[in-house]
Amino acid sequence: MRFITAVLLATSVFGATAAQAEMKLTSKDLAAGKAMADAQVFNSFGCSGKNISPELTWSGAPEATKSFAIMAYDPDAPTGSGWWHWSVFNIPADTAEIATGASGDKTLPAGAVEGHTDFGMSGYGGACPPAGDQPHHYQFTVYALSVDKLPLPETAPAAMVGFYVRANTLAKASVEVTYGR
């Protein structure tokens, strides 16, 4: 049996002003109150999803934004440090959407780099909590960054990507969903 809830969260690191709207993130694939589709579930480790990266659309980034990054994280994984499911960085500042399946189809914007996940490879790795666990939370966050590029290779682990992302964040917006089996 699978359980799902979704919550939309948005945060501006420096606070929104009257002239600047708060950054927002939406998704056709990760909707509030809807079940996470098998399309976004991992296809290994006992899970039988399709492992397709979700569509993400954002707006309201600060004018000073020079690039974006996407991070997907499960803080409930029984590792002591959570589980990184996806990291994409060096997304050009004129981008406002990532299409469904862009990770697997290799149709991310030119210059975008996918770091390594905790599955040990680059690219999207979907939800797959241990059977019988309480539903896990999956946080998909888009960060507006103050730099054009992060000085990281494609082999950078997500924790390192997260370090550089957070050091250069102007604003962020998240979609949080849960999934259990």
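Two strands pair if DSSP finds at least two bridges between them. In this predicted model, strand 4 and strand 5 (residues 83–92) meet that description, with 7 bridges in the antiparallel sense. One of the residues involved is Ser 67, whose bridge partner in strand 5 is Pro 92.

The protein has 2 helices and 9 strands. Read from the N terminus, the order of elements is β-β-β-β-β-β-α-β-β-α-β. Of the 181 residues in the protein, 47% are buried. Contacts with a separation of 6 or more were also examined. Residues 24 or more positions apart account for 74% of these contacts. The exposed area of the protein is about 8,500 Å². Carbon and sulfur atoms supply 55% of that area.

Strand 4 spans residues 67–74 and is mostly covered. Here, 8 of its 8 residues are buried. Ser 67, Ala 69, Met 71 and Tyr 73 point one way from the strand. Phe 68, Ile 70, Ala 72 and Asp 74 point the other way. Both sets are buried. Besides its pairing with strand 5, strand 4 pairs with strand 8. This second pairing is also antiparallel and runs over 7 bridges. Within it, Tyr 73 has Gln 139 of strand 8 as its bridge partner.

Strand 8 (136–145) also pairs with strand 9, in the antiparallel sense and over 10 bridges. Tyr 143 stands opposite Lys 172 in strand 9. Strand 9 covers residues 169–179, and 10 of its 11 residues are buried, so the strand is largely enclosed by the rest of the structure.

Another group of strands forms an open sheet. It has 3 strands in the order 2-3-6, with antiparallel pairing. Strand 2 and strand 6 (97–98) stand at the edges, each with a single partner strand, so one side of each is left without a neighbour in the sheet. Strand 3 is joined to strand 6 by 2 bridges, and the two run antiparallel. Thr 57 has Glu 97 in strand 6 as its bridge partner. In general, strands of a sheet pair through backbone hydrogen bonds, either parallel or antiparallel.

The structure holds 1 disulfide. It is formed by Cys 47 and Cys 128, with their sulfur atoms 2.1 Å apart. The pair links distant parts of the chain, 81 residues apart. Cys 47 lies in the loop between strand 2 (24–26) and strand 3 (56–59). Cys 128 lies in the loop between strand 7 (113–114) and strand 8. The torsion about the S-S bond of Cys 47 and Cys 128 is about 95°, so the disulfide is right-handed. Both Cys 47 and Cys 128 are buried.

A search of the whole structure finds 1 salt bridge. Its partners are the side chains of Lys 106 and Glu 114, at 3.7 Å from N to O. The two residues fall into separate accessibility classes. Lys 106 counts as exposed because its relative accessibility is 60%, and exposed residues are those over 50%. Glu 114 counts as buried because its relative accessibility is 9%, and buried residues are those under 20%. The salt bridge between Lys 106 and Glu 114 therefore joins an exposed residue to a buried one.

Technical notes: Residues numbered from 1 in each chain as written. Predicted model: local features only at pLDDT ≥ 70, side-chain atom pairs only at ≥ 80, totals over all residues. Heavy atoms only, no water. Disulfide = S-S within 2.5 Å. Helix = DSSP H or I, 4+ residues; strand = E, 2+ residues; numbered from the N terminus. Buried < 20%, exposed > 50% of the residue type's maximum accessible area, 1.4 Å probe, protein only. Contact = heavy atoms within 4.5 Å. Areas by Shrake-Rupley, 256 points an atom, 1.4 Å probe, with all protein chains shown as cover. Salt bridge = Lys/Arg side-chain N within 4 Å of Asp/Glu carboxyl O.
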